[in-house]
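Open the model in your viewer and get ready to click along. We will start with the whole chain and then move in on a few parts.

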Amino acid sequence: MTSTFVTYPLDVLRLRLAVDPGYQTMADVFVKMLKEEGLGSFYRGLEPSLIGIAPYFAVNFCVFNLVKKSLPEKFRNKLEASIVTAFVAASIATLTCYPLDTVRRQMQMRGTPYKSVLDAFPGIVARDGVAGLYRGFVPNALKTLQKSRYYLLTYNHAINSYIYF
């Protein structure tokens, strides 16, 4: 959570630079945001990011462990089984928590009508339907699944090494 809080302004700057053609450089974005919107604008949308961290990791590790334990004993320690299990766990965690990512990005935008998570969820659903909460899901999942696979495989290796040590 601390790393999210410290690096969050960079995420806001990146998003603004990517979607607003009025900005030329990151320094340009920074100066204009600070002058026009104040220091708080760098943390707009932080709430859904912080809310989403614990559930994402909880679902990821919980599903990974449940699926792993449901496998026949002879497959549990095979690399292929761990890769598939990590993919399933990361997919479910991403699908479950992605709406918070959509809310975060909507709240980061300049001129957003949303002031809180409780304001953004019904607003997005009213405007775009439930599917609006999953806008951009596929590219995000392709990125996230790769990252999740590595830390779940590392976790699995560490657990197996500790158990058999």
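Show the whole chain as a cartoon: this predicted model has seven helices and zero strands. Follow the chain along the sequence and you will read the pattern α-α-α-α-α-α-α. Turn the C-alpha trace around as well; along its principal axes it spans about 60 × 35 × 25 Å. The chain has 165 residues, and 34% of them count as buried. Among contacts between residues at least 6 apart in sequence, 64% join residues at least 24 apart.

**Stop one: helix α6**

Select residues 117-128, which make up α6. How far apart are the end C-alpha atoms of α6? They are 16 Å apart, and this agrees with the 16 Å that 12 residues should span at 1.5 Å a residue.

Now show the side chains of V117, A120 and I124, the buried residues of α6. Look down the axis of α6: these buried residues fall within an arc of 55 degrees, so they line one face of the helix. Next, color L118 and A126, which are exposed on the other side of α6. What covers the buried residues of α6? The cover includes α3 (46-70) and α5. Before leaving, click on G129, just after α6, where phi is positive at about 80 degrees.

**Stop two: where α5 meets α6**

Add residues 79-108, helix α5, to your selection. A pair of packed helices is described by the angle between their axes and the distance between those axes. For α5 and α6, the angle is about 100 degrees and the axes are 10 Å apart. That makes α5 roughly perpendicular to α6.

Show these side chains to see the contact:

- From α5, pick P99, L100, T102, V103, Q106 and M107.
- From α6, pick V117, A120, F121, I124 and R127.

By class, the residues of this contact are eight nonpolar, two polar and one charged. Notice V117, A120 and I124 again: they are the buried residues of α6, and they take part in the contact with α5.

**Stop three: where α1 meets α5**

Keep α5 on screen and select residues 2-19, helix α1. The axes of α1 and α5 come within 10 Å and cross at roughly 70 degrees. These two helices are therefore roughly perpendicular to each other.

Which residues meet here? On the α1 side, select Y8, D11, V12, R14, L15 and R16; on the α5 side, select R104, R105 and Q108. Color them by class, and you will find three nonpolar, one polar and five charged residues in this contact.

How values were computed: Residues are numbered from 1 along each chain as its sequence is written. Side-chain values use heavy atoms; hydrogens and water are left out. Axes are lines fitted to C-alpha atoms, for helices over the stretch in contact, and angles run from 0 to 180 degrees between N-to-C directions. Helices (H or I, at least four residues) and strands (E, at least two) are DSSP runs, numbered from the N terminus. Angles under 35 degrees count as roughly parallel, over 145 as roughly antiparallel, 65 to 115 as roughly perpendicular and the rest as oblique. Contact means heavy atoms within 4.5 Å. Ala, Val, Leu, Ile, Met, Phe, Trp, Tyr, Cys and Pro count as nonpolar, Asp, Glu, Lys and Arg as charged, and the others, Gly among them, as polar. The expected span of a helix is 1.5 Å times one less than its number of residues. Buried means under 20% relative accessible area, exposed over 50%, partly exposed in between (1.4 Å probe, protein chains only). The arc is that of the directions from the helix axis to the C-beta atoms.
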